[in-house]
Structure formats: C-alpha cells, structure tokens
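The exercises below invite the reader to examine a structure step by step. Each task is followed by a worked solution.

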Amino acid sequence: MTLPRHLAAAGLLLGAVSLSGAALAEQEAPSITLASTTSTQNSGLFDAIVPQFTDATGIEVHVVAVGTGQAFEIARRGDADSLLVHDTAGEETFVADGDADERADVMYNDFVLIGPTDDPAAISEATSVADALGRIADAEAPFASRGDDSGTNRAELRLWQQADVEPGGDWYRELGSGMGATLNTAAGMDAYVMSDRATWVAFDNRQNLALLFEGDEAMFNQYGSLKLSEEKHPDLEHDLANQWHQWLLSSDGQAAIADFRVKGQQLFFPNAKGD
Amino acid sequence: MTDSAFSTALALIVGLDSDLLAIVTLSLRVSLTAVGIAALIAFPLGAALALYRFPGRSMLIVTLNALMGLPPVVAGLVVYLLLSRAGPLGTFGLLFTPSAMVVAQVILVLPILAALTRQRIEELHGEYAEQLASMGVSRARRIPTLLWDARLALITVLLAGFGRASAEVGAVMIVGGNIDGVTRVMTTAIVLETSKGNLPLALGLGIILLVIVALITAIAHVLGEGTRRQLG
Amino acid sequence: MTDMSLPTVSHIAPLELDGVAFRPGSQTLLGPISLRLDGCRRTLVMGPNGAGKSLLMRLAHGLIAPTSGRVRWHGPVPRQAMVFQRPVLLRRSARANLEYALAVDGVARRERRERADAALEHFGLAAIARRPARVLSGGEQQRLALARAWLLAPEVLFLDEPTSALDPAAIRAVEEAINAFHRRGVRIVMTSHDLHQARRLADDVVFLHHGRLIEHSPASVFFHQPASEQALAFVSGELID
C-alpha cells in the first residue's frame with residue numbers, strides 16, 4: 001500500500017523537475033524568436049543557414065513558421081524579435097505603421113506554375129504568367145489556391161489581377177492551407193497550382209503533377225527582413241535581432257543563402273543592396 | 001504507403017534518431033506535466049463537487065461537462081492571447097515555450113479530469129456516506145479519503161486526460177510555434193511533415209505516437225489490475 | 001497487555017422520539033412514532049420487511065432528519081457508532097481501516113497502531129491485520145466493522161441487520177461481539193428479522209408494522225404474551241402483511 005503512494009510522489013516530483021528543467025533550458029543560450037513563413041521553413045533554408053549564423057555569433061534562432069498574415073500579427077504583438085517574410089507591400093505598410101523601424105531586401109525566390117502533365121489549359125505554351133492564368137480561367141481548369149492570406153497567396157491574387165481575371169467559381173478552390181498541403185490536395189485533384197519553387201523542388205508526393213510554366217519576372221518573390229520597432233516593443237531582443245538582420249545582409253549571410261541547394265538546384269537568390 | 005510508413009518508423013526507432021528522441025521526450029514532458037498539474041487541481045475540485053451542495057452546482061457541473069469538448073485550437077488561441085506580449089500575461093515571456101504548451105494542455109485536460117472525478121467520487125460516496133457520517137467524518141476530511149479509495153478508478157481518469165493531451169495539436173501548435181528543437185512535439189511534427197508532403201514520414205511518426213500512448217496505457221492497466229487483485 | 005475495557009458507563013442519556021415521522025414525498029414511510037429508550041439494555045427493533053426498521057435506526061442515530069416530530073437525548077448526547085448490514089470498509093488493509101477511524105477521532109499517530117492491533121486481537125482478527133479489508137469474508141468484515149466501532153468507544157451502538165448476510169459460525173461470532181459491547185455498559189439498539197436471534201439477544205423489543213409502532217415490551221412479555229395481534233402472529237412465525 002505504500003508503494004503506490006511512493007509512485008505517486010515520484011511522479012509528482014518528476015513532473016515538477018521536468019517543468020523546471022524546461023524553464024531553465026530556456027534561459028541558457030542567447031536566442032531570438034524569428035517569425036517567418038511556412039514555405040520558407042519547409043524549403044529547408046533555415047536548417048542550412050541558421051547553424052552558420054549561430055556558429056558565428058553564438059545566438060540561437062527559434063523560427064516560428066506560420067502564414068504571412070499570422071507572421072505579421074505575431075510581430076505586431078511583439079511576440080517575435082525579428083521578422084522575415086515575402087510581401088514587400090505588406091512590409092512597407094508595416095514600417096509605415098511604425099511597427100518596424102526599417103526593412104531591407106534579403107533575397108528572392110520565384111513562383112512556378114504546376115499542373116497535370118496533360119496540361120488541359122495548355123499553359124506551357126503561354127507567353128507570360130498573365131497569359132497562362134488567363135488560359136486556366138478560360139478553360140475553367142481546376143486551380144488550387146492556398147487561400148490563407150499568406151505571402152504566396154497574396155502574390156497569387158496580384159497575378160490574377162494583372163491577368164484581368166476575377167478568380168471564382170467551381171474550378172477555383174480556396175483551401176486555406178499551407179504550401180505543402182495545397183500541393184498535396186492539387187495532386188489529388190489533378191489541379192493547377194502556383195507554388196514557390198523551393199517547396200516544389202522538395203515536394204515528394206507529385207503524382208501526376210509537373211512544372212509547366214516559369215520564368216516570368218512577375219513571379220519573382222522578394223524577401224524582406226524587418227527590424228522591429230524599439231519604441232513599441234522595448235522588451236524585445238533588439239540587439240541580438242539586429243545581429244541576425246545584419247548577418248543576413250552581410251557577404252557571409254548572402255553567401256550562405258546562395259550556397260543552399262536542394263537536389264542540386266539553388267532556390268534562393270541573394271539580392272541585398274550593398275552599401 | 002503504409003509499408004514505407006512502417007519501415008520509416010522502424011528505421012527512426014532503431015537508429016535512435018536524435019531528433020525523434022528529442023521530440024518524443026518533449027511530447028511526454030509536456031503532456032505528463034500538464035496531466036499532473038491538472039490532476040492536482042481537478043481531483044480535489046471533482047471530489048468537492050461530488051460532496052458539497054451549493055447554489056450553482058448544477059451549472060458548474062454542466063459547464064465542466066461542456067468544457068470536455070473544448071476544441072484544442074480554441075484553447076490554444078485563448079492562451080495565446082493571454083500570454084502574448086500584447087496580452088495581460090505577456091510580461092512572463094512564456095509564449096513559444098514548452099511552459100505555454102503545458103498551460104494550454106492543463107486547460108484542455110482539467111475539465112475531463114474534474115468531470116470524471118466528480119462522477120467516480122459521487123458513486124463511491126453513495127456507498128460510503130452513511131458510514132462516514134456515522135463515524136463523524138467531516139465533508140472536507142472525506143475528500144482525501146474518497147480520492148485515495150478511488151485510486152484505481154482515478155488511474156483510468158488520468159489516462160483519459162493523458163490521451164486528450166498527447167493527441168491534440170491545435171493548442172500546442174499555436175502557443176508553442178512548432179519551433180525546431182524547442183517546442184516541436186509529435187503531433188506538430190506530423191503536421192509539419194504532412195505539409196511538406198512527406199507523408200510516409202508523417203505516418204511513421206503517427207505510428208510511433210500511437211505505440212507510445214499504447215505503452216503508457218498498458219503500463220497503467222497492469223498497475224491497476226495488480227492493485228485491484230491485491231485489494232479486492 | 002493493553003486494557004481494552006471501555007469506560008464503565010452507568011447513565012447514558014435516554015433517547016426520546018416524540019411524534020417522529022418520515023415523509024419524503026407524499027407517502028408516509030414511518031410514523032408518527034413516540035418511543036423512549038433508556039438504561040443499558042439490548043433493544044431489538046423487529047417487524048416484517050418494509051416495516052420501517054432501518055429508517056427508525058437512521059433517525060435515531062441522526063443520519064437523517066425527521067419530517068416532523070423530534071429526536072431528543074435527555075441529557076448530554078452520548079458517543080454513538082453504527083454497524084450496517086453490509087460492512088462499509090475502505091480499500092486498505094484491515095488494520096489501516098481501524099487506524100483511519102482512530103485518526104478521524106483525533107487519536108495521535110503514535111498510539112493508533114497499538115490500539116488498532118489491540119482491537120484486532122480482541123475480535124480475533126490479529127491474523128488478517130495486513131489483509132485488504134475487502135477480500136475478507138463476510139463474517140470477518142462485520143467483525144472488523146465492530147472492532148472499528150469498539151475503538152470509537154461508543155455509549156450507544158446501533159446495528160442494522162448486522163448478521164443477515166452471514167453464515168451461522170459468523171453469526172455466533174458477531175453476537176458474541178455484541179454481547180461484549182453490552183457487558184461493557186453499551187446500550188445496544190439493533191434491528192433483526194431473525195426471531196431466534198431476537199430470542200437470544202433481546203432485553204426488550206420494539207415492534208413495527210407498516211411504519212407504525214405496534215408494541216414496545218420487555219422480551220419476556222413480547223415472546224410469550226405479546227399485547228398486539230400482529231405481534232402474536234409475528235412471533236408465531238406467520239407471515240403478516
């Protein structure tokens with residue numbers, strides 16, 4: 001009868017120790033919380049470049065990867081120390097609103113149009129992305145959209161606008177999902193989908209999908225790093241975050257970005273403005 | 001696909017993949033801690049609900065029962081808003097840490113533990129009430145007495161709570177942020193791999209999660225049965 | 001050897017039920033009953049099933065409140081204990097059950113083990129001290145319940161059909177234990193439907209029928225020349241309804 005009692009006490013002790021252990025661990029290495037996007041995370045970029053940054057500075061980077069909209073919200077609330085997203089218009093508004101002190105170009109990747117190999121809308125013959133999207137709308141071919149207010153989603157909607165098309169109807173399916181999930185669904189539906197190249201290159205569940213259109217400059221996807229407002233959020237790790245920001249723009253950081261390859265392909269192209 | 005899922009799972013386990021170990025350890029730490037803390041509150045709370053009569057008691061019981069169905073993602077959202085720096089408890093800096101995940105899971109698990117404890121203790125009390133009253137045991141004193149006497153049933157209650165905690169993903173995703181090496185647990189890792197299209201790996205992780213939960217359930221069952229046989 | 005005697009009591013306050021009735025809904029289950037129990041006797045409460053015997057016990061002991069009328073002790077309220085038809089024991093060892101009762105009674109931790117062991121000894125249960133109480137036989141469980149009551153040093157002991165679930169050997173052991181209480185000066189109030197048991201134990205008899213008090217007489221009167229028709233029928237072994 002005493003054994004169960006001892007077990008219970010041991011269990012409670014374990015619980016308390018583990019919880020305090022967790023708290024302790026959080027205080028050890030200097031670190032910043034970086035809000036970024038799922039597509040960037042899923043490409044594997046952070047796994048490649050963050051260790052180089054940590055080696056150089058001893059600072060850990062804790063990446064919270066969410067949709068672009070949520071990333072902005074997290075930063076606005078002061079729950080992240082730094083922000084790296086790909087929505088230049090949104091970033092500029094963010095700065096104008098006083099939530100960030102400045103933004104800087106870091107790198108770009110591009111979007112590609114994916115679709116079923118038999119290409120019912122014949123977009124592989126399109127002359128521009130506007131043309132390609134127009135063909136999809138005309139053919140009313142199934143199109144899977146992320147529909148989640150992410151940077152990719154916002155870019156997609158801008159391209160529809162440029163193509164003079166109001167996407168809607170049965171063939172246009174808004175999924176409210178991340179890039180990988182959207183590709184999965186598109187594969188299952190044999191639908192067209194716009195993806196960032198990085199996620200597509202790493203994507204394993206292609207089924208009947210293939211890359212059908214690429215290269216239009218309109219599909220370039222600019223990444224920006226933002227220094228968050230010291231006035232609005234004085235308690236953030238501005239010092240450490242600034243080291244991260246500067247490293248991204250430095251020749252070391254830019255080289256690390258360029259060196260990152262998946263299946264032999266470079267996915268991100270550094271374009272920080274040199275001083 | 002299930003074939004490659006099983007072989008992936010096996011490969012991870014046999015190779016003692018360090019990432020996997022870290023994720024499994026964190027999952028267990030978070031869920032077990034949450035269940036432990038919730039039990040400390042819920043056991044006496046449930047017992048008190050069973051023993052005392054007061055205005056609003058029925059409302060409280062109905063509310064607890066309803067909260068058993070609280071969607072994890074809603075709990076996560078509420079905790080996020082509370083712990084965010086822009087929120088009332090922001091100064092503690094708990095967001096995106098395992099502690100925040102424990103808080104969210106305590107909120108999820110507490111109603112289940114309390115509601116089920118109340119039920120068990122009320123049943124037991126029906127059997128004991130007259131004898132305890134005859135012996136002059138005060139209501140407050142009955143709480144630890146009945147809780148200890150119901151310990152076998154309470155093991156099952158704990159398991160129910162643990163099941164809910166280890167299975168949920170909505171709460172820990174929002175308040176933890178699924179940060180690699182810091183707040184990534186089994187369920188959020190599965191979501192991540194699925195979103196990357198790594199379905200065999202995702203499924204493999206799912207199998208491992210199921211096995212772990214089954215192991216813990218089995219251990220509790222054996223403990224319970226052993227004690228039951230001992231005590232009658 | 002620890003002295004297991006209870007303090008000798010000579011004057012336990014009389015118990016009076018004054019117009020006591022129990023009406024949980026629209027139906028009157030018991031009463032009105034007026035009854036007085038005093039002295040240090042073994043009072044058996046008898047009657048066919050459904051007569052209200054258990055209710056009367058619970059009202060007398062104070063476990064339930066009457067709907068009308070009063071239950072009063074004429075004097076200081078004495079220490080009481082009750083033993084039920086099915087013994088209610090905790091999921092712990094026999095000895096631990098006794099130690100629990102002592103703890104509730106405010107006995108210091110150091111003393112509990114010794115006194116519990118003495119009580120086990122006194123009721124012939126020393127061998128099963130460590131056994132889980134719930135795996136004991138019916139007779140052992142009831143003796144354990146009596147040992148627990150013993151430790152509470154009651155002046156009045158209520159028992160509700162304590163032996164109806166037991167075999168003859170166990171019944172004998174329980175009756176001996178009850179008499180042991182009585183020899184120490186404890187007033188016994190006990191229900192039973194067993195006529196033979198009543199003949200063995202009763203000093204006086206309270207006879208109930210359909211929730212009414214039919215007769216309250218000394219045992220010699222009740223068993224040989226009961227005042228009421230129903231009592232006569234009952235004592236003759238007839239079924240009365």
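The following exercises concern a predicted model.

**Exercise 1. Describe the overall build of chain C.**

Solution. Begin with the secondary structure: chain C holds eight helices and nine strands. Next, consider the compactness of the chain. Its radius of gyration is 18 Å, close to the 18 Å that the globule rule gives for 241 residues, so chain C is as compact as a globular protein of that length. Along its principal axes, the C-alpha trace of chain C spans about 55 × 35 × 35 Å. Then turn to burial, where 43% of the 241 residues of chain C count as buried. Finally, take the contacts in chain C between residues at least 6 apart in sequence: 68% of them join residues at least 24 apart.

**Exercise 2. Determine how many residues of helix α1 of chain C are buried, and examine what comes just after the helix.**

Solution. Helix α1 of chain C covers residues 53–61, and eight of these nine residues are buried. The buried residues include the charged-class members C:K53 and C:R58. Also buried are C:L55, C:L56, C:M57, C:L59, C:A60 and C:H61. Just after the helix comes C:G62, with a positive phi of about 95 degrees.

**Exercise 3. Find the residues of the largest nonpolar core that touch the most other members.**

Solution. The core has 104 residues, and those touching the most other members are B:A38, B:V79, B:A100, B:A104, B:V109, B:L113 and B:V175. Helix α5 of chain B, residues 98–134, provides the largest share of this core, 17 residues. Another core, of 64 residues, lies apart from it and has among its members C:L30, C:A60, C:L90 and C:F207. As a closer look at one residue, B:A104 touches B:A75, B:G76, B:V79, B:A171, B:V172 and B:V175, when residues up to four places away in sequence are not counted. In soluble globular proteins, nonpolar side chains tend to be buried together.

**Exercise 4. Characterise the side of chain A that touches chain B, and the side of chain C that touches chain B.**

Solution. Take chain A first. The contact involves 30 residues from chain A and 26 residues from chain B. On the chain A side, α1 (2–27), α2, β2 (60–66) and α8 (179–189) each give two or more residues. Helix α1 of chain A has the largest share, with nine residues. By class, this side of chain A divides into twelve nonpolar, 13 polar and five charged residues.

Now take chain C. Here 14 residues of chain C are in contact with 14 residues of chain B. Strand β5 (80–83) and helix α2 (94–104) of chain C each supply at least two residues of that side of chain C. The side has eleven nonpolar residues, one polar residue and two charged residues.

**Exercise 5. Work out how the two domains of chain A meet.**

Solution. The domain assignment gives domain 1 as 31–109 + 220–270 and domain 2 as 111–219. The C-alpha centres of these two domains of chain A lie 26 Å apart. Across the boundary, 19 residues of domain 1 are in contact with 19 residues of domain 2. The elements giving two or more residues to the domain 1 side are α2 (38–43), α4 (68–76) and β9 (220–228) of chain A. Of these, α2 gives the most, with four residues. The domain 1 side comprises four nonpolar, 13 polar and two charged residues.

**Exercise 6. Place strand β1 of chain A among its partners.**

Solution. Strand β1 of chain A, residues 31–37, has six of its seven residues buried, so it is largely enclosed by the rest of the structure. It pairs with β2 of chain A in the parallel sense over seven bridges, and A:L34 stands opposite A:V63 there. Two bridges join β1 to β3 of chain A, residues 82–85, again in parallel. In that pairing, A:L34 stands opposite A:S82.

**Exercise 7. Identify backbone features that depart from the general pattern.**

Solution. Most residues other than glycine have a negative phi, and most peptide bonds are trans. A:D164 has a phi near 65 degrees and lies in the loop between α7 (151–162) and β6 (172–174) of chain A. With 10 C-beta neighbours inside 10 Å, A:D164 counts as exposed. A:K263 has a phi near 50 degrees and is also exposed, with 7 other C-beta atoms within 10 Å. In chain C, a cis peptide bond joins C:G31 and C:P32, with omega about 0 degrees; C:P32 is in strand β2 of chain C.

Key:
Residues numbered from 1 in each chain as written. Chains lettered and ligands numbered in written order. Predicted model: local features only at pLDDT ≥ 70, side-chain atom pairs only at ≥ 80, totals over all residues. Contact = placed C-beta atoms within 7 Å. Core = buried A, V, L, I, M, F, W, Y, C linked by C-beta atoms within 7 Å. Buried ≥ 20, exposed ≤ 12 C-beta atoms within 10 Å, placed from the backbone. Rg over C-alpha atoms; globule rule 2.2 N^0.38 Å. Domains from an automatic or database assignment. Pairing = 2+ DSSP bridges.
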